[in-house]
Amino acid sequence: MAVIQMSGAANSPENSDCSTDELTAYVELVLDENASTADKEVDSQDQSESFRTNETEGSTSEGSKGKKLVAVSSVEECVHPGSMEGICISCGQNLPEDYGLTVGYMQTGLRLEGEEMSRLSSSTMKSLLNQRKLCLVLDLDHTLLNTTSLIHLTSEEMPLTTNAGALQGTLFVLENMNLMTKLRPFVRTFLKEASEMFEMYIYTMGDRPYALEMAKLLDPQEEYFKDKIISRDDGTKRDKKDLDIVMGTENAILILDDKEEVWPNHNDNLMLMERYLFFKSSCQDFGYKFKSLTALQRDEDETNGALSKILRVLKQIHSAFFDNLQGDLIDRDVRQVLASLRLEVLSRCVIVFSHNFRSDLRPLRNMARRLGATCYTNPDPSVTHIVATEFVTKESRWAVQHNKFLVSRHWLEAANFFYEKQPEDNFLLKQDQ
Amino acid sequence: MFFHIVLERNMQLHPRYFGRNLRDNLVSKLMKDVEGTCSGRHGFVVAVTGIENIGKGLIRDGTGFVTFPVKYQCVVFRPFKGEILEAVVTMVNKMGFFAEAGPVQIFVSNHLIPDDMEFQSGDMPNYTTSDGSVKIQKDSEVRLKIIGTRVDATEI
């Protein structure tokens, strides 16, 4: 310990702070001088002996003759790969508060410059690919779980706060946040099996405290998500999600989310999930009028629900990526695998939509085409399916006359969610609809 | 680096503390208020070592509180850019490691860790040389040089 005793009040000027400042300035001056002479000494030594720096950080000297030295950039040469609390992590210079991309979710206070982020993403991705792993970004709300505020509980749901009954282990009350959360059926098995194929991230529009609480419920042993939880407080854009702060390359990342619009730049990586709506208030939030699962007193099927089906598809994609594609791992593209898989779903279907879908027509058509279906405007003998809003449209009548499948849009949407043509019988439009 | 300096502070005391224990109350309050705090100028106040002088108390208008200017000696700790310090490693991850030198938190980025040391993840993440001779992990002692400091309201 270096202790420098300062003179007592009697000898120092009235304002003691003044002498501290003087001493501070002196210390800084001396340290600066030492720093530059130290540099010079190292340089001259360098020619004659190898100089090992095991514990000293930031020893200078551009390595020469194959010496294993770290080269700390002088302030002028430094590319500032990132900042920690506003200080460059390589040269110590002050950097602006909004420098680069925020990766606070991984390490508080850390920001990384764009190129550095790309470099790290590539090298992380390479190492994952070598372990036969891709990257999976998971949304929380309505994808893996459903949360509601305690004040929005219906009278039927209220008893659940004290007695979870059959839902024990999947229903949790978070008193300090005034929330109740229901985990989606199959979620624990899903996470366990997916973790063998994917490096997983949580990306939610909830705030950070909420995200961390949910992670505790889903991953109590911190095996899956430890420093890979991205909340809206960590994202770069206010109300959108992006893969810019995910440590992976776009060609090897898949996203599971129930909302398309939050991923404007990564539609090709997105696998849209069927919304999980357990609580009445959640159904109402989306403007749905059907009964919530609590009202119906049942839950999504565990072994045949959305998560289970999506897991099967993920296994298919994983296998196709690693076993069927040719070329270097880093050059393969999971988006291509996804697109090809989609094209097979309705590949032998020829669809005509009823004319009254209006603004929904184009998105539905695009969905059908992405799934490999052919779409016509007017019915003809090659048509296999009519997708209509109700039984009494012109196209519906044609379907009945010619004995073609007459289905609602949900048939198409289900195929989109589950990557499989669904039995038409579950979606037929009937006389009284 | 540690310093032993004299600082001054205006202490406000509630009348309930007046009486024969006034000075002791004042000193206890000073210690409670000041020890463990930090400022950009002096660094962390580690401990109050003695009272130099307590000035005349001024009664504040409108309340019964009295303000005493107190000069006190204390040990402070302040890191300097360029200073060499010894620290204990508290956390290691792939971005680098955190170490503590007393009350000061230090981050060392992987950019500044020697190239021949590689990150190894696991139960006890660490940076190790290729021949395994040097290992940096939690609770290891390291000697390092400060390249930049930042002060916020509560810490450095």
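Which residues of chain A does the UniProt annotation "domain: BRCT" cover? I looked this up before anything else. The record, an unreviewed entry, gives residues 333-429 of chain A. I note that the model is predicted.

**Entry: the annotated span**

I took the two ends of residues 333-429 of chain A and found their C-alpha atoms 39 Å apart. I then checked the secondary structure of this span: 41% is helix and 13% is strand.

**Entry: the second largest pocket**

I turned to the second largest pocket. It holds about 1,400 Å³ of space. I counted 46 residues in the lining. Nearest the centre I find A:E274, A:R275, A:H410, A:E413 and A:F417.

What is the make-up of the lining, by nonpolar, polar and charged residues? I get 19 nonpolar, 9 polar and 18 charged.

Next I asked which elements build the lining of this pocket. Strand 13 (270-272), helix 6 (293-296), helix 7 (306-324), helix 9 (361-370) and helix 11 (409-418) of chain A each give at least two residues. Helix 11 of chain A has the largest share, with 7 residues. I also checked the domains. Domain 2 (132-335) and domain 3 (346-426) of chain A each contribute at least three residues to the lining.

**Entry: helix 11 of chain A**

Helix 11 supplies the largest share of that lining, so I looked at how covered the helix is. I find 8 of its 10 residues buried, which leaves the helix mostly covered. The buried residues are A:W411, A:L412, A:E413, A:A414, A:A415, A:N416, A:F417 and A:F418. Just after helix 11 of chain A comes A:Y419, and I read a positive phi there, near 55°.

Within this helix I found a salt bridge between A:E413 and A:R409, with the closest N and O atoms 3.0 Å apart. How far apart are A:E413 and A:R409 along helix 11 of chain A? They are 4 residues apart, which means about one helical turn separates them. I then compared their exposure with the cut-off for buried, under 20% relative accessible area. A:E413 has a relative accessible area of 17%, so it counts as buried. A:R409 has 25% and is partly exposed. A:E413 is also one of the residues that lie nearest the centre of the second largest pocket.

**Entry: salt bridges elsewhere**

How many salt bridges are there over all chains? My count comes to 21.

I looked at A:R335 and A:E250. Their side chains meet in a salt bridge at 3.5 Å, N to O. This pair links distant parts of the chain, with the two positions 85 residues apart. A:R335 sits in helix 8 (residues 334-345) of chain A. A:E250 sits in the loop between strand 11 (229-230) and strand 12 (253-257) of chain A. Buried or exposed? I find A:R335 partly exposed, with a relative accessible area of 24%. A:E250 is partly exposed too, at 37%.

I moved to chain B. The side chains of B:D33 and B:K29 form a salt bridge at 3.4 Å, N to O. Both residues lie in helix 1 (residues 22-34) of chain B. They are 4 residues apart, about one turn of the helix. B:D33 is partly exposed at 29% relative accessibility, and B:K29 is partly exposed at 28%.

One last item concerns shared partners. I find A:D139, A:K241 and A:D257 joined into one network by salt bridges.

Conventions: Residues numbered from 1 in each chain as written. Chains lettered and ligands numbered in written order. Predicted model: local features only at pLDDT ≥ 70, side-chain atom pairs only at ≥ 80, totals over all residues. Heavy atoms only, no water. 1 Å grid on protein atoms, 1.4 Å probe; cavity = no way out; pocket = protein on both sides within 12 Å on 5 of 7 lines; lining within 4 Å. Points joined across faces, edges and corners; volume = space filled by probe spheres on them. Nonpolar A, V, L, I, M, F, W, Y, C, P; charged D, E, K, R; others polar. Domains from an automatic or database assignment. Salt bridge = Lys/Arg side-chain N within 4 Å of Asp/Glu carboxyl O. Buried < 20%, exposed > 50% of the residue type's maximum accessible area, 1.4 Å probe, protein only. UniProt positions renumbered as here; feature names shortened; annotations may be inferred.
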